[in-house]
Amino acid sequence: AGSAISLGNGRNTLFWDHPWLDGESLAEKAILPVPEAKLSCTVAEMWSPDTGWKWDEFSDHLAPNTLLRIDAYSICNDPDLPDTIYWKGSSSVNILRGLI
């Protein structure tokens, strides 16, 4: 699993299962079990264009250091800015554009 995700609008990236935060999945970092109903949420669904991250949806399940890393991200609401999967260590983020 040498792939990671560069977030665009967050609509094609699963919040818990895809490796969008530093190339790792948040499900692996959860300190409490994530409810089955939340596992299919996208990154975009955990973000509000008006207020930012919907902390109440996920903060109980993650350690404070992980929450600080999430806080460093913001999501673009532009439908024309897709998420991009890439191989870690590659100098080109566009290698696998559109494969998510």
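What follows is a chat between a colleague who is learning to read structures and a modeller who walks through one.

Colleague: Where do I start with this one?

Modeller: Keep in mind that this is a predicted model. Then look at the elements: the protein has 1 helix and 4 strands, and from the N terminus on they run β-β-β-α-β.

Colleague: How much of the protein is buried, and what supplies the exposed area?

Modeller: Of its 100 residues, 38% count as buried. The protein exposes about 5,700 Å², and carbon and sulfur atoms supply 51% of that area.

Colleague: What share of the contacts with a separation of 6 or more comes from residues 24 or more positions apart?

Modeller: For this protein that share is 61%.

Colleague: Okay, now the rings. How many aromatic pairs are there, and how do I tell what kind a pair is?

Modeller: A search of the whole structure finds 9 aromatic pairs. To name the kind, check the angle between the planes: over 60 degrees counts as edge-to-face. Take Phe 15 and Trp 16: their planes stand at 80 degrees, with the ring centres 5.1 Å apart, so this pair is edge-to-face. Another edge-to-face pair is Trp 20 with Tyr 73, at 85 degrees between the planes and 5.3 Å centre to centre.

Colleague: Which parts of the chain does the pair of Trp 20 and Tyr 73 tie together?

Modeller: Trp 20 sits in the loop between strand 1 (3-6) and strand 2 (47-48), while Tyr 73 sits in the loop between helix 1 (64-71) and strand 4 (84-87), so the pair links parts that are 53 residues apart in sequence.

Colleague: Are those four rings buried or exposed?

Modeller: Buried means under 20% relative accessible area. Phe 15 is at 0%, so it counts as buried. Trp 16 is buried at 0% too, and Trp 20 is buried at 1%. Tyr 73, at 24%, counts as partly exposed.

Colleague: Which residues form the aromatic cluster?

Modeller: Phe 15, Trp 16, Trp 20, Trp 47, Trp 53, Trp 55, Phe 58 and Tyr 73 form one cluster. Some of these names come back in the largest nonpolar core, which has 19 residues. Those with the most contacts inside that core include Phe 15, Trp 16, Trp 20 and Ile 70.

Colleague: What does Trp 20 touch?

Modeller: Leaving aside neighbours within four places in sequence, Trp 20 is in contact with ten residues you can click through: Ile 5, Leu 7, Thr 13, Leu 14, Phe 15, Leu 26, Val 43, Trp 53, Ile 70 and Tyr 73.

Colleague: How should I read the helix?

Modeller: Here's the general idea: an α-helix has 3.6 residues a turn, so residues three or four places apart point the same way. In helix 1, Thr 66, Leu 67 and Ile 70 are buried. Seen down the axis, the buried residues of helix 1 fall within an arc of 100 degrees, so they line one face. On the other side, Pro 64 and Leu 68 are exposed. Strand 3 (52-53) is included in what covers the buried residues.

Colleague: And the loop between strand 1 and strand 2: what can I learn from Ser 25 there?

Modeller: Ser 25 is in that loop and counts as buried at 8% relative accessibility. Its side chain reaches the backbone nitrogen of Glu 28 at 3.4 Å. Beyond four places in sequence, Ser 25 is in contact with Trp 16, Asp 17, His 18 and Pro 19.

Colleague: Where is Thr 42, and what does it touch?

Modeller: Thr 42 is also in the loop between strand 1 and strand 2, and it is buried, at 14%. Not counting residues up to four places away, Thr 42 touches Gly 10, Arg 11, Thr 13, Leu 14 and Phe 15.

Conventions. Residues are numbered from 1 along each chain as its sequence is written. This is a predicted model: local features need pLDDT of at least 70, side-chain atom pairs count only at pLDDT 80 or more; totals for chains, interfaces and linings use all residues. Side-chain values use heavy atoms; hydrogens and water are left out. Rings of Phe, Tyr and Trp (its six-membered ring) pair if their centres lie within 6.5 Å; planes under 30 degrees apart count as stacked, over 60 as edge-to-face and the rest as tilted. Buried means under 20% relative accessible area, exposed over 50%, partly exposed in between (1.4 Å probe, protein chains only). Helices (H or I, at least four residues) and strands (E, at least two) are DSSP runs, numbered from the N terminus. Contact means heavy atoms within 4.5 Å. Accessible areas come from the Shrake-Rupley method with a 1.4 Å probe; for residues, only the protein chains shown count as cover. A nonpolar core is a set of buried Ala, Val, Leu, Ile, Met, Phe, Trp, Tyr and Cys residues joined through side-chain atoms within 4.5 Å. The arc is that of the directions from the helix axis to the C-beta atoms. A polar contact is a pair of N or O atoms within 3.5 Å; within protein, one must be able to donate a hydrogen and the other to accept it, and residues adjacent in sequence count only if both atoms are side-chain atoms.
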